[in-house]
Amino acid sequence: MTGYTPPTALTIAGSDSGGGAGIQADLRTFFACGVHGMTAITAVTVQNSVGVEGFSEIPTDVVTAQIRAVTGDIGVAAAKTGMLATAEIIQAVAATCRDVGIGRAGQTPLVVDPVAASMHGDALLRAEALEAIRAELLPQASLVTPNLDEVRLLTGQDVHSAMEQRDAAVALYALGPEWVLVKGGHMRDDEKCVDLLYDGSEFVELSGARYETNNTHGGGDTLASAITSALANGLAMPDAVRFGKRFIERSVAEAYPLGRGVGPVSPFWRLPPTNELSPP
Ligand code: PXL
């Protein structure tokens, strides 16, 4: 017993039975960042490396009860949202977070990863729920982290260039979050992977290496969870995002093949080599 209690973080997200994305990726990342991870599960997906076969959402009152259970006892230093599945869940999560002080007006920073579809294009959000993300959740976000597909869904804007990436950041900022991170990973003709951070006044470009790999399942979840971990450790937003960017870069570099489809990004580089753990 060391008596050391690590910082705590909460993910409000869906389960990926294949273990590559969703709460499984979030918990793995929290662990690799030395953070005690907690979960409010919103939906259970049936999926593997090939795709999502379907999902079943958790009853809304069970989703919000999970948030209240952990905030009321353990305390949450930072939180994130991932797959929220329905407008009803989004509304309830937004209202509960407001109530318990999670989000921009409260004590606890909230990272919103506006998950709409899997990388195979399988829907993880009912179509009518987009408006709930815009109207209910984004005004409460400390940070929103859309990829370019999610930017198009949320703003109607197509992004093909650095200039359009800035325009999109401005449009997203107008929806109410404190910070916006427009991820450039899907800008395929770019040599680098440039994400753009914006707080309503200043643009910060965060450039990282681009790796030729198919195995990027869970990449967005891992980035948002690494940022959330850094916030739980007390870092200010720009530093937390810089940490997240370095974290996802290494995790993409170490992604591994799995199954017949798309393998996951890997935060295992942050752990000691497994041979150090073998019994004497
Ligand atoms: O990576 C986005 C994502 C989030 N949450 C769940 C997912 C996925 C992608 O497949 O399955 C549960």
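Me: Is R68 buried, partly exposed or exposed, and how does one read this from its relative accessible area?

Reply: One compares the relative accessible area with two cut-offs: under 20% means buried, over 50% means exposed, and a value in between means partly exposed. In this predicted model, R68 has a relative accessible area of 41%, so R68 is partly exposed.

Me: With which residue does R68 form a salt bridge?

Reply: The general idea comes first. Side chains of opposite charge can pair when their charged atoms come close. In this structure, the partner of R68 is D99, and their closest N and O atoms are 3.1 Å apart. The pair links distant parts of the chain, since R68 belongs to helix α2 (residues 60-73) and D99 to helix α3 (residues 87-100), 31 residues apart. D99 has a relative accessibility of 54% and therefore counts as exposed.

Me: How many salt bridges does the structure hold, and where does the pair of R134 and E131 lie?

Reply: The structure holds 8 salt bridges. R134 and E131 are one such pair, with their closest N and O atoms 2.9 Å apart. Both residues lie in helix α4 (residues 130-137), where a spacing of 3 residues is about one turn of the helix. R134 is partly exposed at 22% relative accessible area, and E131 is partly exposed at 43%.

Me: Which residue meets R242 in a salt bridge?

Reply: The side chain of R242 meets that of D239, with a distance of 3.3 Å from N to O. Helix α8 (residues 237-253) holds both R242 and D239, which are 3 residues apart, about one turn of the helix. The relative accessible area is 35% for R242, which is partly exposed, and 42% for D239, which is partly exposed as well. Elsewhere, D149, R152 and D158 are joined into one network by salt bridges that share partners.

Me: How should the order of strands in the sheet be read, and what is that order?

Reply: The order names the strands as they stand beside one another in the sheet. Here an open sheet of 9 strands runs β3-β2-β1-β4-β5-β6-β7-β8-β9, with mixed pairing. Its edge strands are β3 and β9 (203-208), each of which pairs on one side only.

Me: Which strands illustrate parallel pairing, and which illustrate antiparallel pairing?

Reply: For the parallel sense, consider strand β1 (residues 8-16) and strand β4 (residues 78-81), which pair over 4 bridges. Within this pairing, I12 stands opposite T81 in β4. For the antiparallel sense, consider strand β2 (residues 36-47) and strand β3 (residues 52-57), which pair over 5 bridges. There V46 has G54 in β3 as its bridge partner. Strands β2 and β3 form a hairpin, with 4 residues between them.

Me: Is S49, in the loop between β2 and β3, buried or exposed?

Reply: A place in a loop does not by itself settle the question; the accessible area must be read. S49 has a relative accessible area of 12%, which means that S49 is buried. Leaving aside neighbours within four places in sequence, S49 is in contact with H120, L258, G259, R260, G261 and V262.

Me: With which residues is F55 in contact?

Reply: F55 lies in strand β3. Beyond its neighbours within four places in sequence, F55 has contacts that include A43, V44, T45, M83 and A85. A separation in sequence and a distance in space are two separate readings: F55 and L154 are 99 residues apart in sequence and 23 Å apart in space, C-alpha to C-alpha.

Me: Which residues form a nonpolar patch on the surface?

Reply: F31, F268 and L271 form this patch, and together they have about 310 Å² of accessible area. F31 has its place in helix α1 (residues 22-32). With a relative accessible area of 59%, F31 is exposed.

Me: How many helices and strands does the whole protein have, and how compact is the protein?

Reply: The protein has 8 helices and 9 strands. Its radius of gyration is 18 Å, close to the 19 Å that the globule rule gives for 280 residues, so the protein is as compact as a globular protein of that length. The C-alpha trace spans about 60 × 45 × 40 Å along its principal axes. Of the 280 residues, 51% are buried. The protein exposes about 12,400 Å², and carbon and sulfur atoms supply 52% of that area.

Terms used
Residues numbered from 1 in each chain as written. Predicted model: local features only at pLDDT ≥ 70, side-chain atom pairs only at ≥ 80, totals over all residues. Heavy atoms only, no water. Patch = residues over 30% accessible without salt bridge, like charges linked within 9 Å, V, L, I, M, F, W, Y side chains within 5 Å. Areas by Shrake-Rupley, 256 points an atom, 1.4 Å probe, with all protein chains shown as cover. Salt bridge = Lys/Arg side-chain N within 4 Å of Asp/Glu carboxyl O. Helix = DSSP H or I, 4+ residues; strand = E, 2+ residues; numbered from the N terminus. Buried < 20%, exposed > 50% of the residue type's maximum accessible area, 1.4 Å probe, protein only. Pairing = 2+ DSSP bridges. Rg over C-alpha atoms; globule rule 2.2 N^0.38 Å. Contact = heavy atoms within 4.5 Å.
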